[in-house]
Amino acid sequence: MKKALITGITGQDGSYLSEFLIGKGYEVHGIIRRSSVDFRERIAHLEGHRHFHLHYGDMGDTLSIIQVVGKVQPDEIYNLAAQSHVQVSFDSPEYTANVDATGVLRILEAVRQCGLEQHCRIYQASTSELYGRVEEVPQNEDTPFHPYSPYAVAKLYGYWIVKEYREAYHMFCCNGILFNHESERRGETFVTRKITLAAARIRQGRQEKLYLGNLSSLRDWGYAKDYVECMWLILQHDKPEDFVIATGQQHTVREFCERAFHYAGLKLRWEGEGADEKGICEAVDDTTACGHLVGKTLVEVSPDFYRPTDVVNLLGDPAKAQRLLGWNPEKTSFDQLVKLMVENDMAKIASDDAAARVRCNLAEYLEKGIVK
Ligand code: NAP
Ligand code: F7E
């Protein structure tokens, strides 16, 4: 039975990759950070599985990383742990560098210190943010990098140190240059999930308006579940190489918003430009439930969400991954992705509401002595 060690196992990708590898017959080990709350929402359903094991550690703590690598003796490491929010990296640049840059070095060195360098294969979560202020469109494995945030600069170190260890020590370590990938498990402050949650809340009368930053930013958005398969394929390839993983399609934040509101039953029309642009409700699918929204402004721009430097034109060319790994970039379309995220959030908001009503009723019944 092969052993995989995943850093960042509690994150969006870590949770899907764990499911995928357990399905492939792996023994999966993950590094988690000690926290005052013990609920790990994305992997709660896996805890207790006989081939799923968790270990405490932190990407900023060399000793803990060496200890876990030495104890697990993994065949494959997937280094997914990161401070992954680009906007947050402007507020915490030093922390981001420690985890996203030096953290990668800690993993590589731990493998060497434990004498596993000729045995253990390593996947590094590199990113399309490396292309930053893009020098060509679309971007492939040969496109020059121009990182444009503290996050991207830190990830650039990670990218190069992986290449360096591959050449210097002949280690099987690879960069997956993944373009944005989203899902029902996406963190709630990334733009896609922020939009799908807001569309669901607005449709169900739980939120009035959605405030966004740059609506014209272009992204190549894929489905996270499809992308974790590629991480595994990269490590099964006969040679250690770097790969771009993307869909080859791009859309603006505005388009994502329009489609998400559409699947929530609300038709948007846009008025104005720049910071004055607004998304107004033109029609609804059910006038009884949400007819009052027609004519209202549901989306506004807030410069609070503008970034000091923003990456605005990402489009990946996945030809190499298609050719050498047999990966299919068209498995989940943009429309399917938006739809599945909105359906998930419509159900989530409805069930959060139902649970809140039960809690309210229970409080009232306890107070009146109906329930003891
Ligand atoms: P995510 O949901 O933000 O998950 C990040 C993971 O890293 C979480 O498990 C987090 O643990 C862990 N982590 C953060 N700091 C840590 C530390 N100091 N020590 C140990 N663990 C730490 O990210 P994701 O979307 O799954 O992305 C996975 C990786 O791919 C990241 O490296 C990201 O930069 C990269 N990437 C993502 C995308 C994308 O579109 N999703 C595209 C390209 C590259 P907690 O749960 O404890 O916070
Ligand atoms: O922003 C614009 C924002 O935060 C996408 C990470 O997984 O993918 C992710 O980074 C775009 C940007 O993702 C809001 O300015 C407008 O242009 O969803 P995001 P990201 O920055 O692309 C890459 C590949 C990674 O590697 C990262 O780890 O949307 N935008 N309005 C907004 N963004 C946010 N977050 N919030 C807004 O209100």
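**Ligand shells and local geometry**

In the predicted model, an oxygen atom of ligand 2 lies 2.8 Å from a side-chain N or O atom of Asp310. A polar contact is defined here as a pair of N or O atoms within 3.5 Å; within protein, one atom must be able to donate a hydrogen and the other to accept it, and residues adjacent in sequence count only if both atoms are side-chain atoms. Oxygen atoms of ligand 2 are likewise found 2.7 Å from a polar side-chain atom of Tyr151 and 2.7 Å from a polar side-chain atom of Lys194. The protein buries 96% of the 690 Å² that ligand 2 exposes when taken alone, with accessible areas obtained by the Shrake-Rupley method with a 1.4 Å probe and, for residues, only the protein chains shown counted as cover. The model is a predicted one, in which local features need pLDDT of at least 70 and side-chain atom pairs count only at pLDDT 80 or more, whereas totals for chains, interfaces and linings use all residues. Residues are numbered from 1 along each chain as its sequence is written, chains are lettered from A and ligands numbered from 1 in the order in which they are written, and side-chain values use heavy atoms, with hydrogens and water left out.

The shell around ligand 2 comprises 23 residues, and the closest are Ser84, Thr127, Tyr151, Ser217 and Arg307; a residue is assigned to a shell if one of its heavy atoms lies within 4 Å of the ligand. By class, this shell divides into 8 nonpolar, 9 polar and 6 charged residues. In this scheme Ala, Val, Leu, Ile, Met, Phe, Trp, Tyr, Cys and Pro count as nonpolar, Asp, Glu, Lys and Arg as charged, and the others, Gly among them, as polar.

Ligand 1 is surrounded by 25 residues, the closest being Thr10, Arg33, Leu80, Ser84 and Tyr151. This shell contains 11 nonpolar, 9 polar and 5 charged residues. A side-chain N or O atom of Thr10 is 2.5 Å from an oxygen atom of ligand 1. Backbone N or O atoms also approach oxygen atoms of ligand 1, at 3.0 Å for Gln12 and at 2.8 Å for Asp13. Of the 910 Å² of accessible area that ligand 1 has on its own, the protein covers 86%. Two or more residues of the shell are given by each of helix 1 (12-23), helix 4 (93-113), strand 5 (121-127) and helix 5 (150-169), where helices (H or I, at least four residues) and strands (E, at least two) are DSSP runs numbered from the N terminus. Strand 5 contributes the most, with 3 residues.

Across the whole structure, 12 aromatic pairs were found. In one of them, the ring centres of Trp221 and Phe334 are 6.3 Å apart and the planes make an angle of 25°, so the pair is classed as stacked. Trp221 lies in the loop between strand 9 (218-219) and strand 10 (222-223) and Phe334 in helix 11 (residues 334-368), so the pair ties together parts that are 113 residues apart in sequence. For such pairs, rings of Phe, Tyr and Trp (its six-membered ring) must have centres within 6.5 Å; planes under 30 degrees apart count as stacked, over 60 as edge-to-face and the rest as tilted. Trp221 is buried at 4% relative accessible area, and Phe334 is buried at 12%; buried means under 20%, exposed over 50% and partly exposed in between (1.4 Å probe, protein chains only). Ring pairs further connect Tyr131, Phe145, Tyr159, Trp160 and Phe179 into a cluster.

Phe179 also takes part in a polar contact, its backbone oxygen being reached by the side chain of His181 at 2.8 Å. His181 belongs to strand 7 (residues 181-182) and is buried, with 10% relative accessibility. Charges over rings were identified where NZ of Lys or CZ of Arg is within 6 Å of the ring centre and within 35 degrees of the ring normal. Arg185 lies over the face of Tyr16 at 4.1 Å from the ring centre, and the charged end of Arg186 sits over the ring of Phe190, 3.9 Å from its centre.

Most residues other than glycine have a negative phi, and most peptide bonds are trans. A cis peptide bond, with omega about 0°, joins Val137 and Pro138; Pro138 is located in the loop between strand 5 and helix 5. Gln73 has a positive phi near 50° and is placed in the loop between helix 2 and strand 4 (76-79). A positive phi of about 55° occurs at His170, in the loop between helix 5 and strand 6 (173-178). Gln73 is partly exposed at 38% relative accessible area, whereas His170 is exposed at 61%.
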